[in-house]
Amino acid sequence: MGSNNIENKPEIGQEDAVPSLAQQSPKKGWIKFEEESHQENNTTPAVIKTESIQVNLERSLSASTENDPNKPLRTVELPPAANETIRHGFTNGDVIVTILPVNTRFPWITPAKFRPELVPEELMAQGLTLTVEEYVQAMELLVNDVRFTLYNVCYKRILVVWILLAFIVLLGLLFSGLNGLVLFGLGVAWLILNAAAIFISMWLKFKLARNLERCLAYVNKQFLRHKIVLALDDRGKLSCHKVNLCFLYMDAGPCIAHLQGSIETQEREANGWEQRMDIAANDIVIQGSRTTRLSRKQGLAEQVFTRYLQRWGKDFLRRRLDWTLDEITGNPSDPRHITTALCPCQYIEELLLNKAPHIDIRDCCPIWSRLMARLGID
């Protein structure tokens with residue numbers, strides 16, 4: 001047969017031959033997105049270049065050049081609040097801190113309340129020796145004292161309550177339907193009663209203020225050794241919701257020493273303050289087989305100092321004791337222990353010299369005085 005009729009038969013072994021790489025089919029695999037491909041490529045960690053910073057604190061410079069000392073420094077200016085320095089020293093008359101009442105609900109009706117366990121950080125500043133325990137103990141004595149509570153509740157409310165009550169009574173009389181002499185007589189009686197009640201209210205306010213002074217005198221004995229004075233300033237008009245407790249820095253040593261010298265001088269001149277001082281200055285008598293008397297003159301100056309400290313603090317906080325140029329109507333410029341105002345010893349001396357002597361009602365009846373002395377009642 002011819003060559004055209006010859007079939008193209010594969011040669012021996014040609015069927016088992018492996019196809020070439022160019023003819024191979026693509027391999028099957030997972031589908032990959034662009035985000036995955038970027039994540040695989042970005043497997044190396046990020047490197048942030050550091051730079052040295054110089055912080056300007058007005059007086060001191062701190063430079064961080066540990067990484068590369070040849071790099072230029074960048075100056076960072078802190079805000080003004082960060083540059084405030086902590087106060088370390090105090091002078092006489094400086095207000096350390098003012099404590100406000102903690103009650104904020106119905107402040108015009110409810111009395112002022114203070115929490116002794118809340119200690120202000122200003123009293124723990126460097127230069128002050130007051131501890132937390134002593135502060136809490138002194139404040140507990142104050143808030144638990146009946147005289148302090150009565151002052152907060154009644155001082156500014158006595159007169160207001162009576163005026164409202166008198167106004168209600170007056171309206172009741174006007175609309176009661178009475179007329180003639182009966183209404184006139186009740187009106188006159190109302191006027192007399194109202195005037196008497198106003199005087200009684202003023203007298204009660206005076207007693208409340210004096211009892212508060214004695215209460216704070218007892219509390220200030222705890223603070224004097226730390227050169228701190230506590231004064232209460234009532235800045236309200238019709239209520240006690242603005243009662244502030246002000247802590248002042250005051251070194252009481254020079255004032256007490258000056259008061260001691262003044263008392264001794266007045267006693268030698270037979271013009272002592274014993275009749276003017278509102279303190280217990282009598283000797284302590286120990287009765288028994290042998291009667292012993294203990295003089296209280298050693299601590300007399302300290303008692304006088306603490307007794308009138310609240311009165312001085314209230315006038316000092318209201319700037320009534322500042323030095324003035326007018327020596328006739330103002331305070332003469334004669335600084336002693338405070339450079340800007342009258343110090344406590346100056347204030348107490350002037351107060352006692354102008355105070356009327358205490359009059360005992362029993363002196364008008366000698367027989368009654370001897371009877372009371374015989375019974376041991378002074």
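In this predicted model, the structure holds zero disulfides. A disulfide is a covalent bond between the sulfur atoms of two cysteines. Cys255 illustrates the point, as its nearest cysteine sulfur belongs to Cys345 and lies 3.7 Å away. A disulfide would need the two sulfur atoms within 2.5 Å, and Cys255 is therefore in no disulfide. Cys255 is also buried, with a relative accessibility of 0%. Cys215 counts as buried too, at 1% relative accessibility.

The UniProt record, an unreviewed entry, annotates residues 157–175 and 181–204 as "transmembrane region". The model gives the following values for the two spans.

| Residues | Helix | Strand | Distance between end C-alpha atoms |
|---|---|---|---|
| 157–175 | 89% | 0% | 27 Å |
| 181–204 | 100% | 0% | 34 Å |

Helix α5 covers residues 181–223, and this helix also has a part in a pocket of the model. The second largest pocket has a volume of about 260 Å³. Its lining is made up of 15 residues, and those closest to the centre of the pocket are Tyr155, Ala209, Arg210, Glu213 and Lys314. Which helix gives the most to the lining of this pocket? The answer is α5, with seven residues. Both α5 and α8 supply at least two residues each to the lining of the second largest pocket.

In terms of residue character, the lining of the second largest pocket divides into seven nonpolar residues, one polar residue and seven charged residues. Two domains take part in the lining: domain 1 (89–250) and domain 2 (252–377) each contribute at least three residues.

Two residues in loops deserve separate mention for their backbone angles. Lys227 is not a glycine, yet it has a positive phi of about 60 degrees. Lys227 sits in the loop that runs between α5 (181–223) and β5 (228–234). With a relative accessible area of 34%, Lys227 is partly exposed.

Arg319 likewise is not a glycine and has a positive phi of about 60 degrees. The loop that holds Arg319 lies between α8 (309–317) and α9 (344–353). Is Arg319 buried or exposed? Arg319 counts as exposed because its relative accessibility is 63%, and the cut-off for an exposed residue is over 50%.

How values were computed: Residues numbered from 1 in each chain as written. Predicted model: local features only at pLDDT ≥ 70, side-chain atom pairs only at ≥ 80, totals over all residues. Heavy atoms only, no water. Helix = DSSP H or I, 4+ residues; strand = E, 2+ residues; numbered from the N terminus. Buried < 20%, exposed > 50% of the residue type's maximum accessible area, 1.4 Å probe, protein only. 1 Å grid on protein atoms, 1.4 Å probe; cavity = no way out; pocket = protein on both sides within 12 Å on 5 of 7 lines; lining within 4 Å. Points joined across faces, edges and corners; volume = space filled by probe spheres on them. Nonpolar A, V, L, I, M, F, W, Y, C, P; charged D, E, K, R; others polar. Domains from an automatic or database assignment. UniProt positions renumbered as here; feature names shortened; annotations may be inferred.
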